[in-house]
Each structure stands twice: as structure tokens, then as C-alpha cells.
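Biologist: I should be grateful for a close look at a single part of this structure, followed outward into the elements around it. Please begin with one residue and build the picture from there.

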Amino acid sequence: MSYPFKKIEAKWQKIWAREKTFSAKVGPQRKKYYLLEMFPYPSGKIHMGHVRNYTIGDVFSRFKYMCGFNVLHPMGFDAFGQPAENAAIKNKTQALAWTIKCINWMRQELKSLGFSYDWQREISTCLPQYYRWNQWIFLKMFERGLIFKKEAVVNWCPDCQTTLANEEVVDGSCWRCKTEVIEKDLEQWFIKITAYKEKLLEDLAKLNSWPERVITMQENWLGKSEGVEIYFKTKDTAELIPVFTTRQDTIFGATYLVLAPEHPLVEKIIKGKPQEKEALSFIAKVTKESKVVRTASDVKKEGIFTGAYAINPVNNEEIPIWVADYVLMEYGTGAIMAVPCHDQRDFLFAQGHNLPMRIVIQPKGQQPTASSQMTQAYEGDGIQVNSGQFDGLPNQEAKIKIAQWMEEKGMGKRTVHWRLRDWLISRQRYWGTPIPIIYCQKCGIVAVPEKDLPVKLPDKIKISGKGGSPLNYVKSFVSTKCPKCKSKARRETDTMATFFDSSWYFLRFCSPKFTQGPFDKKEAHFWMPVDQYIGGIEHAILHLLYSRFFTKFFKDLGWIDIAEPFQRLLTQGMVLKDGEVMSKSRGNIVDADSIMKKYGADSLRLFILFTAPPETELEWDGRAIEGCFKFLNRVWRIQDNLKEKAQDPLLKIMHKTIKKVSEDIEAFKFNTAIASLMEFVNAIYQSGADREIFLKLIIMLSPFVPHFSEEIWQRSGNKSSIFKTEWPKYDAECLIDELVTIIIQVNGKVRSKIEVPTEISEDKLKELALADEKLKPWMQNKPIKNLIVVPKKLVNIVI
């Protein structure tokens, strides 16, 4: 008979809620531990990615609580955003009503998995009590000159009369009406995140508990490059074309220039040229393409000759100017010098368009090679050749000298470029935080006074998805008075990007009901920083970067005394089915509800944790969850067959298991921790357990399968929750294995002796015997015919 999981899980969820078991309070009695998973967008039903993320966090939270920590483990909802607006249009409802409905569904599903959240701290970013503080933060940044307005290019649907996110442009057309999308300049609000670029880069060195690849992704996004801005000029009109490069050692090998299609000089230099029409057609095509696709390494690069030439300042050589898809305005100056022999992308482009190539760095100690013989670009170090007075110098030394020479001759200047750009936060949407700005014909741009916050979103408005922001058509919202001169004025109708909401929510969790500011400084001082943050690798760049920026801003405001928000970071892998990420579009979603109805939440939790390490991808396997369910039933049956006193060998196994499980949970090696517990259960079935040993097993299982463990704990006569129990400690003396001397024979003659643990496996014993250095003179690398093992006595190697 299976254990009654439905009854048990409902029972313990009610008890935890009633007794507020996981309620966190500020206090010195226990050392604080703030554990946080990235909060979800409330799409309604949770998917297996949610289950995995939140189960990982829940295990660690419960473990830390039992280890004596004061654990803060909150949950909320990242509730603004375009999907809710689109769902409201589709379902002919209001965005707020739809979102609240989805939050209620999702909250119930999260509770049904038994997660140890302090639900009293729940926040939803779409409610005024949260987004008023978005507006307050905006005003503080505005006061300090960190928020400004300027024109920026957006994707624009002429039919819907609205902006589109990159992902809403499908094959160059609007996802909704299929109209061809154009680029349009609109005045937008920006945050000057670039003012913090040095701090954001320098402080990455402090994050030694973050995955190395996340640090690298952040460094690459910030993109600090030290190099030279070189002054090329057009041949005909002497128009300046500044080009930034970090490889000034290759300047003598530049054989053509490439401009971004969006470069402001392009239209000027092609005007009147035979190539003009073709070039304009190419530019129109490329500017509709995704920048990700344009720069992807596996996509063939396209380009067109402009008909114009530039002068290379170091040798006065005329080189052709091209326009190509792989050059972007966002990095450097929007123009590159192409050195095909020493840059693989330039090499492939030059080969594809029959452009000249010149070698200027020769690998040290190699004979000179003709560029026509090259099969790929040489991007390594070497000796300068074909480089004028710098010939013969190691290229790293030449880099310094060429930069100095060019600066002295006025050919360029040493400079630093950053990839990071200021953060565009304007959205022409309804479902987001209203930007607290008023436009007055007399006073200009005026900030909404703090006393007038929040600027609330109007209720019950018509959303069609067309004609720009729906707020434009709500007269009661738009029409207002200037706070300064009391004249008629209008409100800003743009709303904030949802990344703004999620860039400081971890601080709000410290005091979610605080009304005098975004958070209580004392509470934040106690709980921050987040000790462990958990979420998907897809958020490794923007969300983490913006959160780090907000933290530094709050520090500068004097609201907190830390510079980094997240002490330790874990990025969990995706959940796959049939080798592909689960998604509705692929039709490979596995419904969490149906699995829980059949096997229970604890079996699902155990499967999610046992099947793969947290950082790697997890392949869904229906048979494996069946195995986890059978394992729990196997443990359930032990309680009816307990002994008065267990045998000593089982006691040793128990202490080894305590050590292994404790260390594995701390290192997020949940799969190997569970494997150790399964081995322990096998040992119990072989020799039988007493009550003490059985309950130690249940305590170790409790972070993984909390409902199951609480029920057995209570049935064993315990009055308080198992999570009020101290995590077991192992006895170091019990970890010492008894040793036995093993005789090693070669063809029946004693040649060596080794000491091994009494319980060593036969395979391990064979491995140790064959590795014994003393046998080499007798073995002489001859083939082994047989290997005979007499347990606890000898190994005979027959050659």
C-alpha cells in the first residue's frame, strides 16, 4: 500500500501556514541567512523550470534553518509587462484583473509544492504600494542627473502605431498585424548607468562565489577596451572617420574600412555614386534584421561597396569603404578597420568579397607565409612585418610604440571604449509603472512631487495594442496641473521597463509593509546582502547588472552600506524533454499538477533534485519519477519494522551518511546527497534500524521531502515540527575504517602487502593491488590472465 501523500501534503501545508513556521524576524538570537530565488512573472501555471528553481532554493533554506540560521526566504511576483497587456487584449479583460487571477493560481501551485516561503512578505510589483517606490527611485535619480531624455531608435509598427520589443519583430514584421516594421526615432527616458561603469567592473573582483562564466558575461557586457581611436579620412571630401581598435599593432594590415549600415556618414559618401541605389536597398534590408543575427558567428556576413575610399593615415594608402551587417553603431564608433590576415571575421568577409589581405604579424620562429596561402586568420602574438619602422618588434611592444607614434603625429589618440550603453527605460505601454513626470508649456519638464506619489495607473481602460500607449487616450490621466505654476499640463504617458521593478525587489523583501520609504534601513542593514541567490543563466547579464547598479545607487544615497546585493550565486540549468527545452510552442510541456496528483509533491521534488546536478540541464524521465515514488514508499515501510537496537556497522554508515549529505547540500550536490540516502536505506533493509537511526534518516530527508518527513516525525511521537530540530552532527571516530592487511601474490608467490579498509569493494581492492609499485619487477608489463580475490585476505595476480 502506498503512503497517503494527498492527505499528508494537504495537512502539513495547512499546519505550516497556521503556525507561520517559516516566518522570519529580525533578531540577534540566530545568525541571519537571506536566501532568494528570482521571483517569477505570474503566467498562471508553474512549469518545470519554476519547480526546479524553487525546489533547489527550498532545500537549502530548510537545511540552513535546521543548521541554526535565522532564514529569510520570501516570494513575490514580477507582475508588470507586455504579456499581461497582450493577454488582456486577447481575453477582453483588464490587465490588473488578469494578473491578479494569475498570481492567485501561481501562489496556490507554489504552496502545493510545500515551499518554505514567508508568505507574509509577499510583494507584487503591479500594486501601487510597490510601484510608488519605483517612482520615488526615479525621482531620486532624476535629482542627481542620472535620468535624462533623448531621441533613440525603436522598432515601430506603422499600422498598430506602437513600439515593438525585438522579440515582437518576426521576420521583419509585426507579430500582431504582420505589417513591415520600420525603425523610428522617439524621445525616450534613459538611466545613466554608464556613470557607474568603473564601479560595476571593479567590484566584480569581490564576487568570488559567483560562477566564473557569469563574471565573464558581465565583463563582456561592460566591455572595457583600451586602445586607439584612429583618424581615417575619406579620399574625396576629407570627412573624418574615427575608428576604435584594440589592435593598433595591425594598422599597417588594414586593407578596407567597414561602416555600420546606420552610420551617419553612409548616405553622404554614397550620394551620386553608381552604387547608391544598391547600397540604400542593402541598408534598408539590414536595419530590419536582429542585431543578434547580424553579429552571430555562424551566419555569413553580407556587405556592399560604397564606391568611396578612405586614406590609411600610417601609409597614405587608399582603401575601399564598405558597409556590412556585422558592424553595429552600439560599439566603438560604428566603423572598423578590417585586417583580414589577423581577424577571422574580416578574413571570411575578405575571402567572400575578393578583398586584398596583408600579413603584418608573423609567428615567431616561422618562415614568412603569403596571405594567399592562409586558410584562416592568425590572431596570436608574433613579430611585426610590413609595418614600416616597427618591423622586427614583438607585436605587444609595437602596440605601445605605434600608439605613442600615432598620438604624436596626430593620426589618432589613446582612449578607452566601453560596450555598456545608458539604459533605455521608456515603454509605450499601459501595463507598467507610470513615469512621474509632468510637461508644462511654461516650466518645461517637471518632476511629480514626492507627496503626490504614487501616480496611479487608471483602472478599466480600453487596450487595443494599437495607437501607441493606451494612456494617451485617458484624458483623466493625461490632463493635470503643473506642480510649480499650477497651469494646465500633461502627464508623461510612457511607463517604465519591467527591469526597473526587479532591480531592487530584494531590498523591499526586507520590510515589504514599510510605508516611509522603499525599505526600512534597519531591516535592510540586518538582512542584506542576499547570502544565496538562485536563478536562470538567461538573467546573468541585464537583471544582475541592473540589480548591482541599484545597490550602488542606494549606497550612494546613504540607504545601505553594502556595494553588492548578492553574495553567492547559483544559475540552474533548463528542464528538457526529448532533448529540447520545455515550451508550449513545442508541445512538450509536462504539467506539474498532473504529476503531483499521481505521485505527490515530494516525489516530484525528489526527482527534480536527484536526476541531475542543479547547474546542468535536466532531461525529463517519467520512469525516474516512478522510481522516486517507490523509494519514498520503501522508507515509509521501515517505521513498522524497527529494532530495539541496531548493529554497530549501521551506526558507522549513518555517521558517514550524515557527513556526506551535509557536505553535499552545502555544495548544492543534491543528487549525490540523495544517492547517499538511498544507499543508507539499502543498508537499513539489510541489517534493520532502531528508532534513533531511522529518525536521523528522516531528518536528513526532510529538506528534500518535507511533508513526508513531517508526517513520520509526528507519528514517531514528536510534538514540534521536524524543522525545529537541529541538523544531526556526525561522530568523527565513527568515520575511521578498520583496516585489514591484504597479501598480494604474483603467480602464487607473495610479492607485497597493503593495508585497506575492511569494507573495501572487490573492484577497488583489485585497483589498489594492480597500482602497487612493488609489483613492477615481477609483472614486467606482461598481460594478466586472471585476478583472484580472497576477501579480507589476498589478491593473486596470474600472468
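Modeller: The model is a predicted one. A suitable starting point is Ser662, which is part of helix H21, the run of residues 648-666. Ser662 has a relative accessible area of 15%; buried means under 20%, so this residue counts as buried. Leaving aside residues up to four places away in sequence, Ser662 touches Phe63 and Trp727.

From there one may turn to the helical surroundings, beginning with helix H18, which spans residues 592-599. Its buried residues are Ala592, Asp593, Ile595, Met596 and Tyr599. These residues lie on the same side of H18, because they cover an arc of only 165 degrees around the axis. Lys597 and Lys598, by contrast, are exposed on the other side of the helix. The buried residues of H18 pack against several helices: H1 (5-19), H2 (48-66), H4 (95-112), H19 (601-610) and H20 (622-638). Just past the end of H18 comes Gly600, with a positive phi of about 95 degrees.

One of those partners, H4, also receives helix H3 (residues 82-91), whose buried residues pack against H4. In H3, the buried residues are Gln82, Ala84, Glu85, Asn86, Ala87 and Ala88. Lys92 follows H3 and has a positive phi, near 50 degrees.

Another partner of H18, helix H20, has a contact of its own with helix H24 (residues 706-715): the two pack at an angle of about 5 degrees, and their axes are 11 Å apart. H20 is therefore roughly parallel to H24. On the H20 side the contact involves Leu632, Val635 and Trp636, which meet Phe708, Glu711, Ile712 and Arg715 of H24. Sorted by class, this contact has five nonpolar residues, two charged residues and no polar ones.

Helix H2 leads on to a sheet. Four strands make up this open sheet, in the order E2-E1-E24-E25, and their pairing is parallel. Strand E2 (70-72) and strand E25 (569-572) are the edge strands, each pairing on one side only. On average, neighbouring strands are turned by 20 degrees against each other, direction ignored. Strand E1 (residues 32-37) pairs with E2 in the parallel sense over three bridges, and Tyr33 stands opposite Val71 in E2. H2 packs on the sheet and touches E1, E2, strand E24 (532-536) and E25, with its direction at about 175 degrees to that of E1.

Some backbone details complete the account. The peptide bond from Met528 to Pro529 is cis, with omega near 0 degrees; Pro529 is in the loop that lies between helix H16 (521-527) and E24. The bond from Leu453 to Pro454 is also cis, with omega near 0 degrees, and Pro454 is placed in the loop between strand E20 (444-447) and helix H13 (475-478).

Positive phi values also occur in loops. Asp578, although not a glycine, has a positive phi of about 55 degrees. Asp578 lies between strand E26 (575-577) and strand E27 (580-581), and at 63% relative accessibility it counts as exposed. Gln780, a residue other than glycine, has a positive phi near 50 degrees. Gln780 is in the loop between helix H26 (776-779) and strand E31 (786-790), and counts as exposed at 51% relative accessibility.

How values were computed. Residues numbered from 1 in each chain as written. Predicted model: local features only at pLDDT ≥ 70, side-chain atom pairs only at ≥ 80, totals over all residues. Heavy atoms only, no water. Buried < 20%, exposed > 50% of the residue type's maximum accessible area, 1.4 Å probe, protein only. Arc of directions from axis to C-beta. Contact = heavy atoms within 4.5 Å. Axes fitted to C-alpha atoms, helices over the stretch in contact; angles between N-to-C directions. Parallel < 35°, antiparallel > 145°, perpendicular 65-115°, else oblique. Nonpolar A, V, L, I, M, F, W, Y, C, P; charged D, E, K, R; others polar. Pairing = 2+ DSSP bridges.
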